[in-house]
Amino acid sequence: MSFVLNPERDEKLREILERYPNKMAACIPVMQLAQDQTGWVSPEVTDWVAETLDLSTAHVLGVATFYSLFNTEPVGQHQVWVCRTLSCALNGADTVLAHCEKRLGIRCGQTTKDGKVTLRTAECLASCGSGPMMQVDRAYHENLTLEQVDVILDRLTADSTPD
Ligand code: FES
């Protein structure tokens, strides 16, 4: 089945295309727009982006696989990225990650059985002065304690809406 943007995102697509000097330059925001609707860059999304921007599917796939913000496989309703780079590592990122794995019953890179949470690590998320930190969907959670992690994960596993 081919991919179609919903009407609200279709309007945003028009705004994006007006903002860029050519279609190729709009590849990342257009792919982000589609991923926001589907949760991941499926083969149908890849074909749609390529067709919409007059690009090859190989080009679109190259962009999707280069940037970690794009999901090239299905993910959970919520995505948790624990920063593992130096400042966060020195402030306990390993402990936060291990705690997340234990609480969620999954390993890093996996999705919970109920499809609610995908757990990953990230390289520096540019919040180095407030580690350990993690990004949950589009929100930063900084200066984390394990108690705060519990509150966040409890909310995610109970909730079905984006953070
Ligand atoms: S090292 Fe974690 S945000 Fe920079």
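**View 1. Six bridges join β1 to β2, and the two strands run parallel.** This is a predicted model, in which local features need pLDDT of at least 70, side-chain atom pairs count only at pLDDT 80 or more, and totals for chains, interfaces and linings use all residues. Residues are numbered from 1 along each chain as its sequence is written. Strands (E, at least two residues) and helices (H or I, at least four) are DSSP runs, numbered from the N terminus; two strands pair if DSSP finds at least two bridges between them. Within this pairing, V82 has T121 of β2 as its bridge partner.

**View 2. The open sheet contains four strands in the order β2-β1-β3-β4, with mixed pairing.** Because β2 (117-122) and β4 (139-141) stand at the edges, each with a single partner strand, one side of each is left without a neighbour in the sheet. On average, neighbouring strands of this sheet are turned by 25 degrees against each other, direction ignored. Axes are lines fitted to C-alpha atoms, for helices over the stretch in contact, and angles run from 0 to 180 degrees between N-to-C directions.

**View 3. Strand β3 (residues 134-136) has antiparallel pairings with β1 and with β4.** Three bridges connect β1 and β3, and V80 has V136 of β3 as its bridge partner. The pairing of β3 with β4 also comprises three bridges; here Q135 is matched with Y140 of β4.

**View 4. Strand β1 (78-83) is covered on both faces.** In a regular strand the side chains alternate between the two faces of the sheet. H78, V80 and V82 lie on one side of β1, Q79, W81 and C83 lie on the other, and all are buried. A residue is buried if 20 or more other C-beta atoms lie within 10 Å of its own, exposed if 12 or fewer, and partly exposed in between, with C-beta atoms placed from the backbone. Six of the six residues of β1 are buried, so the strand is largely enclosed by the rest of the structure. Helix α6 (residues 93-104) lies across β1, β2 and β3, running at about 150 degrees to β1.

**View 5. T121 is found in strand β2.** With 19 other C-beta atoms within 10 Å, T121 is partly exposed. The C-alpha atoms of T121 and W81 are separated by 4.8 Å, although these residues are 40 residues apart along the chain. Not counting residues up to four places away in sequence, T121 touches W81, V82, R84, L97 and C108. Two residues are in contact if their C-beta atoms, placed from the backbone, lie within 7 Å.

**View 6. Helices α6 and α7 (146-158) cross at roughly 40 degrees.** Two packed helices are described by the angle between their axes and the distance between the axes. The axes of α6 and α7 come within 10 Å, and the two helices are therefore oblique to each other. Angles under 35 degrees count as roughly parallel, over 145 as roughly antiparallel, 65 to 115 as roughly perpendicular and the rest as oblique. The crossing of α6 and α7 is right-handed; a crossing has this hand if the near helix is turned clockwise from the far one by less than a right angle, and is left-handed if anticlockwise. V96, H99, C100, R103 and L104 of α6 make the contact with L146, V149, D150 and L153 of α7.

**View 7. Helices α3 (43-53) and α4 (57-66) pack at an angle of about 120 degrees.** Their axes are 8 Å apart. That angle makes α3 oblique to α4. The crossing of α3 and α4 is right-handed. On the α3 side, T46, D47, V49 and A50 meet T57, V60, L61 and A64 of α4.

**View 8. Two loop residues, D54 and N143, have a positive phi although neither is a glycine.** The phi of D54 is about 55 degrees, and D54 is placed in the loop between α3 and α4. D54 counts as exposed because it has 9 C-beta neighbours inside 10 Å. For N143 the phi is about 50 degrees; its place is in the loop between β4 and α7. N143 has 12 C-beta neighbours inside 10 Å and therefore counts as exposed.

**View 9. A cis peptide bond joins G131 and P132.** Omega is about 0 degrees for this bond. P132 lies in the loop between β2 and β3.
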